Amino acid sequence: MTLSRFVVRLNCLSLLLVALLIFFTQLSGLKVSDLFFQPYFSPHPNVALLTRTFQILCSVPVVVCTFTYGLAKTIQPCPNENRFILFSALLTGGFLLNQTYRIHIYMIAIGIPKLGVSLLYAVILSSYGWFFRRELQLTPYQILLAGLGLLFFAIGVDALHLKNKILSSLLEGVPKLFSEINIAFYYWYVCKCFLQKSFDKTINS
């Protein structure tokens, strides 16, 4: 099975699971927007379920990249080749911290304009893409771009402040969830290939 076909199947299966979850959530008497609430204790397991799922997915690239960097540093102590994995771990780790502690909201609360916060994150992301453009071109970066595109779409929907809560939750929450599904898969695949390459070099040397 080719990588592109696997990614399509992964997204189709995830979409089917989300659709089923929405269906059963409505049958249980809850609203669709309940799936995307910020996590808090509730007797209903569906409340904030997709938000929690998103946060768990955010931790996958951090764990995978950090583990890969530590292992690759032992197998192949070459700073130039391991640098991409290290900074990927730092970037995704920063994103995880922001999603967990809502750092961008605190920045806005202390007087930093929302546009300024967005520009700061855009500069960080652009710098990552610029410095590691060669490494990214050797990977299936289209998956990463698709994930980032879905994330920016969700951020754009959030900025619109739609009055319809159900529509707003779906248009923001579902693309956001699928963005992290694709980003998590991208870094898992990249790290797997990176370790395979490192092992091959060690065996052949």
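**Surface patch, pocket and selected residues in a predicted model**

Reader: Which residues make the nonpolar surface patch of about 720 Å²?

Author: The model is a predicted one. Its nonpolar surface patch covers about 720 Å². The residues that make the patch are Leu13, Leu16, Leu17, Leu20, Phe23, Phe24 and Leu27.

Reader: Where is Leu27 placed, and is Leu27 buried or exposed?

Author: Leu27 sits in helix H1, which runs over residues 3-27. The cut-off for exposed is over 50% relative accessible area. Leu27 has a relative accessible area of 58%, so Leu27 is exposed.

Reader: What secondary structure does the protein chain have?

Author: From the N terminus on, the elements run α-α-α-α-α-α-α-α. The count of strands is zero, and that of helices is eight.

Reader: What does the C-alpha trace span along its principal axes, and what percentage of the residues is buried?

Author: Along the principal axes, the C-alpha trace of the protein chain spans about 60 × 45 × 30 Å. The chain has 205 residues. A residue counts as buried under 20% relative accessible area. The buried share of the chain is 37%.

Reader: How much space lies in the second largest pocket, and which residues lie nearest its centre?

Author: The space in the second largest pocket comes to about 410 Å³. Its lining is made up of 15 residues. Those nearest the centre are Glu135, Leu138, Thr139, Phe194 and Lys197.

Reader: Which element gives the largest share of the lining of the second largest pocket?

Author: The second largest pocket has 15 lining residues. Two or more of them come from each of helix H3 (79-101) and H8. The largest share is seven residues, and it comes from H8.

Reader: How many residues of that lining, in the second largest pocket, are charged?

Author: The lining of the second largest pocket divides by residue class. Eight of its residues are nonpolar and three are polar. The number of charged residues is four.

Reader: What is the phi of His161, and where is His161 placed?

Author: Most residues other than glycine have a negative phi. His161 is not a glycine, yet its phi is positive. His161 is exposed at 59% relative accessible area, and its place is the loop between helix H7 (141-160) and helix H8 (165-204). The phi of His161 is about 55°.

Reader: Is Phe132 buried or exposed, and how far apart in space are Phe132 and Phe23?

Author: Phe132 is in the loop between helix H5 (114-131) and helix H6 (133-137). The relative accessibility of Phe132 is 5%, and the limit for buried is under 20%, so Phe132 counts as buried. Phe23 is one of the residues of the nonpolar patch. Phe132 and Phe23 are 109 residues apart in sequence, and their C-alpha to C-alpha distance is 42 Å.

Reader: How far apart in space are Arg134 and Phe84?

Author: Arg134 belongs to helix H6. Arg134 counts as exposed because its relative accessibility is 65%. In sequence, Arg134 and Phe84 are 50 residues apart. C-alpha to C-alpha, the distance between Arg134 and Phe84 is 10 Å.

Reader: How far apart in space are Thr100 and Phe37?

Author: Thr100 is part of helix H3. At 42% relative accessibility, Thr100 counts as partly exposed. Thr100 and Phe37 are 63 residues apart in sequence. Their distance in space, C-alpha to C-alpha, is 13 Å.

How values were computed
Residues numbered from 1 in each chain as written. Predicted model: local features only at pLDDT ≥ 70, side-chain atom pairs only at ≥ 80, totals over all residues. Heavy atoms only, no water. Patch = residues over 30% accessible without salt bridge, like charges linked within 9 Å, V, L, I, M, F, W, Y side chains within 5 Å. Areas by Shrake-Rupley, 256 points an atom, 1.4 Å probe, with all protein chains shown as cover. Salt bridge = Lys/Arg side-chain N within 4 Å of Asp/Glu carboxyl O. Helix = DSSP H or I, 4+ residues; strand = E, 2+ residues; numbered from the N terminus. Buried < 20%, exposed > 50% of the residue type's maximum accessible area, 1.4 Å probe, protein only. 1 Å grid on protein atoms, 1.4 Å probe; cavity = no way out; pocket = protein on both sides within 12 Å on 5 of 7 lines; lining within 4 Å. Points joined across faces, edges and corners; volume = space filled by probe spheres on them. Nonpolar A, V, L, I, M, F, W, Y, C, P; charged D, E, K, R; others polar.
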